[in-house]
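Colleague: I have this model open on my screen and would love a guided look at one part of it. Could you pick out a single helix and walk me through it?

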Amino acid sequence: MSRSSFSSSFKKQVGTAPLDYLIHWRMSLARDALSRGTHSISELAFATGYKSESAFSTAFRRVTGSSPKQFREASNRCESPQPTLAAARIEARTVPLCERGASAGS
């Protein structure tokens, strides 16, 4: 199967292009690891397939809207558990309970 045929078929079946799916999956893994605090950002960059911490941070910010450091700090401030990898499809729309409470009073 050619790359273009694969890409077309993948997009019809999954609803997104293969590269977009891969990037979002990597960022889902990164969000999970950052919320657990088990790896440094540099280790996480290489573990998710990026050759540099800078490239990883740029991609992470583009997908999530915050830097890996900001995401980790926000995760550490929240009392509520972070979404698991099983909830990867809805994770981007999930707002931690601590943020919901703050915005509800505004």
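Modeller: Happy to! From the N terminus on, the elements of the chain run α-α-α-α-α-α-α, which is to say seven helices and zero strands. Please keep in mind that this is a predicted model. Let's settle on helix α2, which covers residues 18-36.

Start with its contribution to the surface. Val 14, Tyr 21, Trp 25 and Leu 29 form a nonpolar patch there, and together they have about 310 Å² of accessible area. Helix α2 supplies the largest share of that patch, with three residues. Trp 25 is a good one to click on: this residue lies in helix α2 and counts as partly exposed because its relative accessibility is 35%, a value between the 20% limit for buried and the 50% limit for exposed.

Now move along to Asp 32 and Arg 36. These two form a salt bridge, with the closest N and O atoms 3.1 Å apart, and the count of salt bridges comes to one. Asp 32 and Arg 36 are four residues apart in helix α2, so about one helical turn separates them. The partners sit in contrasting surroundings: Asp 32 counts as buried because its relative accessibility is 11%, whereas Arg 36, at 55%, counts as exposed.

For the wider setting, buried residues make up 30% of the 106 residues in the chain. The chain exposes about 7200 Å², and carbon and sulfur atoms supply 54% of that area.

Terms used. Residues are numbered from 1 along each chain as its sequence is written. This is a predicted model: local features need pLDDT of at least 70, side-chain atom pairs count only at pLDDT 80 or more; totals for chains, interfaces and linings use all residues. Side-chain values use heavy atoms; hydrogens and water are left out. Helices (H or I, at least four residues) and strands (E, at least two) are DSSP runs, numbered from the N terminus. Buried means under 20% relative accessible area, exposed over 50%, partly exposed in between (1.4 Å probe, protein chains only). Accessible areas come from the Shrake-Rupley method with a 1.4 Å probe; for residues, only the protein chains shown count as cover. Patches are made of residues with over 30% relative accessible area and no salt bridge: like charges are joined within 9 Å, nonpolar side chains (Val, Leu, Ile, Met, Phe, Trp, Tyr) within 5 Å. A salt bridge is a side-chain nitrogen of Lys or Arg within 4 Å of a carboxyl oxygen of Asp or Glu.
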